[in-house]
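Good morning, and thank you for making time for this presentation. Please take a moment to look at the sequence and the structure before I begin.

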Amino acid sequence: VSGHGYHEAGLTCLAPAPLSVEAAGGVSRTVLTGSEDGTARLAIVEGGDDGAGTASSSSSSRPLTTFSGHSESVEAVCWVLAPNAPPLVASASVDGTLRLWDVSTGTERVKCEHGDAVSCAAVSPSASGNADASSSSAAAAAAASGAPLIATGCLDGCVRLWDARSGELARVFKGHRGGVQAVAFSPDGRALLTASDDATAKVFEII
């Protein structure tokens, strides 16, 4: 995918759309990409089957939507899905912000400020039923309500949890002595695995 309407600088990250948000039928695929040009964009990748189960080169791939607002490179993108809610996408940038965008309108819904460049992000699996009823933390409250959580890794060495619906900062995890370069949730949403420039990986318990 290239040309007018697509990125004007190198791509840094991508996230294919989950099957749950794809149109039924056909072989269309929606891909979310982030770039050094400070934008996140949606593109359709579609083509015919060549008989071997792969798309042919005569595809009609094209850009769809541009999410503009970051002032520096976008380093991570992800889809944010919640029950009975329209799909959102998230973008994290060197400009120190995490932004959530409405897929249907391309407008910014939430901006989450950090103290340094954001290098990575991940969205929690469904948190319904995973919260400890005795916990009063914002993270547990968000999990109990079914609200998806977004974890961001930052060059200040911190990992932050955000409520994806309200943009509220739910929790901050500290311990790394270098920038956090990768973050992932456990399948049950109860823990975070992080990797850092300080040559360590850590597991943080959420609930």
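Let me start with one pair of residues: Leu14 has Thr33, in strand 2, as its bridge partner. Before I go further, please note that this is a predicted model, in which local features need pLDDT of at least 70 and side-chain atom pairs count only at pLDDT 80 or more, while totals for chains, interfaces and linings use all residues. Residues are numbered from 1 along each chain as its sequence is written, and side-chain values use heavy atoms, with hydrogens and water left out.

A word on terms. Strands (E, at least two residues) and helices (H or I, at least four) are DSSP runs, numbered from the N terminus. Two strands pair if DSSP finds at least two bridges between them. In general, strands of a sheet pair through backbone hydrogen bonds, either parallel or antiparallel.

With that in place, I return to strand 2. Strand 1, residues 11–16, is joined to strand 2 by five bridges, and the two run antiparallel. On strand 3, residues 39–45, the count is six bridges to strand 2, again with an antiparallel course. Within that second pairing, Thr30 stands opposite Ile44 of strand 3. Strands 2 and 3 form a hairpin with three residues between them, and Gly38 in the turn has a positive phi of about 85 degrees.

Is strand 2 largely enclosed or open to its surroundings? Six of the seven residues of strand 2, which spans 29–35, are buried, so this strand is largely enclosed by the rest of the structure. Here buried means under 20% relative accessible area, exposed means over 50%, and partly exposed lies in between, with a 1.4 Å probe and protein chains only.

Just ahead of this region, Gly5 lies in the segment before strand 1. Gly5 has a relative accessible area of 33% and is therefore partly exposed. Gly5 and Thr65 are 60 residues apart in sequence, yet their C-alpha atoms are 8.4 Å apart in space.

I turn now to a sheet later in the chain. Its four strands form an open sheet in the order 9-10-11-12, with antiparallel pairing. At the edges are strand 9 (118–123) and strand 12 (169–173), each of which pairs on one side only. From one strand to the next, the twist averages 20 degrees; axes are lines fitted to C-alpha atoms, for helices over the stretch in contact, and angles run from 0 to 180 degrees between N-to-C directions. Strand 9 is joined to strand 10, residues 149–154, by five bridges, and these two strands run antiparallel. One of the partners is Cys154 in strand 10, which is paired with Val118.

Within this sheet, strand 11 (residues 159–163) contains Asp163. What does the side chain of Asp163 reach? It reaches the backbone nitrogen of Arg165 at 2.8 Å. A polar atom of the Asp163 side chain also lies 3.3 Å from the backbone nitrogen of Ser166. Asp163 is buried yet has no salt bridge, and the nearest side chain of opposite charge, that of Arg165, is 4.6 Å away. For charge, Lys and Arg count as positive and Asp and Glu as negative, while His and the chain ends are not counted.

How many salt bridges does a search of the whole structure find? It finds six, a salt bridge being a side-chain nitrogen of Lys or Arg within 4 Å of a carboxyl oxygen of Asp or Glu. Among them is the one between Glu108 and Arg99, at 2.8 Å from N to O. Arg99 is buried, with a relative accessible area of 9%, whereas Glu108, at 35%, counts as partly exposed. Asp95 joins Arg99 and Glu108 in a network of salt bridges. Asp102 and Arg109 also form a salt bridge, with their closest N and O atoms 3.4 Å apart. In that pair, Asp102 is buried at 10% relative accessibility, and Arg109 is partly exposed at 48%.

Finally, the cysteines. Zero disulfides are found in a search of the whole structure, a disulfide being a pair of cysteine sulfur atoms within 2.5 Å. For Cys13, the nearest cysteine sulfur, that of Cys78, is 9.1 Å away. Cys13 counts as buried, at 14% relative accessibility. For Cys120, the nearest cysteine sulfur belongs to Cys154, 8.9 Å away. Cys120 is buried as well, at 7% relative accessibility.

Conventions
Polar contact = N/O pair within 3.5 Å; in protein donor to acceptor, adjacent residues only side chain to side chain.
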